[in-house]
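The following exercises ask the reader to work through a protein structure, from its overall fold to individual residues. Each task is followed by a worked solution.

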Amino acid sequence: MDIPTFVLASASPARRRLLQSVGINPIIYPSDFDESQIQLSDAAELVEILSQRKAETVVKSLIANPNSLPTGKKGEFEQDKSIVVLGCDSLLVVGDEIHGKPADAKDAIARWQKMRGEVGQLYTGHTLIDITQDRIRVKCQVTQVYFAEVSDRQIAAYVATGEPLQCAGCFAIEGRGGLFIEKIEGCHTNVIGLSLPLLRVMLAELGYDVTDFWQSN
């Protein structure tokens, strides 16, 4: 079986770095899907549907315009005759509240004042679509996150860096936010935005060995 071109339906630098760290060099094709279209109270269902909509948006674009891949990759859809598209979406649940990216610095500060000393659940939905085989896999990974008892001064300083404003859950564990996380339980890369072990399983279910992608792209 030919190894397909790997497309990441996300502009997230963290997700791209995760894939590159394990030898997968994805083509970045952000979906620009309007997440506000989907309103659900169940976090697992919400991230799964959002990840699916993002992946499906990119697939539809590629089918309609095979030459729409980024510069340097144009035409590969026809040449390779095979593409897999990965869509992801992450949310944090603390108590009964579902959180995505904070609206602004004021929101980020208020969120951290509520999160400190608490335990949250980081949900990431993953959708993998094989265009050629017309097959899809949708799964969710959950990781427990234990937040430290940080001070108001530390919260203000962290928010001032701008880092939490770009992150679901209002923190980046691989950045300065890692200082304020006591521990996690479960998949650690899931907290960054993509569960690498789950991706391996999903690729296998579509008939691919993840190590084959080390030589692709």
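The exercises below concern this predicted model.

**Exercise 1. Secondary structure**

Determine how many helices and strands the protein has, and state the pattern they follow along the sequence.

Solution. The count gives seven helices and seven strands. Read along the sequence, these elements follow the pattern β-α-β-α-α-β-β-α-β-β-α-β-α-α.

**Exercise 2. Overall dimensions and packing**

Assess whether the radius of gyration of the protein agrees with that of a compact globule or departs from it.

Solution. Begin with the expected value: for 217 residues, a compact globule would have a radius of gyration near 17 Å. The protein has 18 Å, which agrees with that expectation. Next, consider the extent of the C-alpha trace, which spans about 55 × 30 × 30 Å along the principal axes. Turning to burial, 47% of the 217 residues count as buried. Finally, consider the contacts with a separation of 6 or more: residues 24 or more positions apart account for 70% of them.

**Exercise 3. Surface and charge**

Describe the exposed area of the protein and its charged side chains.

Solution. The protein exposes about 10400 Å², of which carbon and sulfur atoms supply 47%. There are 21 positive and 28 negative side chains, and the centres of the two sets lie 4 Å apart.

**Exercise 4. Positive phi angles**

Compare the settings of Asp 134 and Cys 170: which loop holds each residue, and is each one buried or exposed?

Solution. Most residues other than glycine have a negative phi. Phi of Asp 134, however, is positive, near 55°, and that of Cys 170 is also positive, near 75°. Asp 134 lies in the loop between strand S5 (119-130) and strand S6 (135-147). Cys 170 is found in the loop between helix H5 (152-160) and strand S7 (181-185). The relative accessibility of Asp 134 is 68%, so Asp 134 counts as exposed. For Cys 170 the value is 0%, so Cys 170 counts as buried.

**Exercise 5. Cysteines**

Establish how many disulfides the structure contains, and examine Cys 140 and Cys 167 individually.

Solution. A search of the whole structure finds zero disulfides. For Cys 140, the nearest cysteine sulfur is that of Cys 88, 11 Å away, and Cys 140 is in no disulfide. Cys 140 is partly exposed, with a relative accessible area of 22%. For Cys 167, the closest cysteine sulfur is in Cys 170, at 8.0 Å, which is too far for a bond because a disulfide requires sulfur atoms within 2.5 Å. Cys 167 counts as buried, at 15% relative accessibility.

Key. Residues numbered from 1 in each chain as written. Predicted model: local features only at pLDDT ≥ 70, side-chain atom pairs only at ≥ 80, totals over all residues. Heavy atoms only, no water. Helix = DSSP H or I, 4+ residues; strand = E, 2+ residues; numbered from the N terminus. Buried < 20%, exposed > 50% of the residue type's maximum accessible area, 1.4 Å probe, protein only. Rg over C-alpha atoms; globule rule 2.2 N^0.38 Å. Contact = heavy atoms within 4.5 Å. Areas by Shrake-Rupley, 256 points an atom, 1.4 Å probe, with all protein chains shown as cover. Lys, Arg positive; Asp, Glu negative; His and termini not counted. Charge placed at Lys NZ, Arg CZ, Asp CG, Glu CD.
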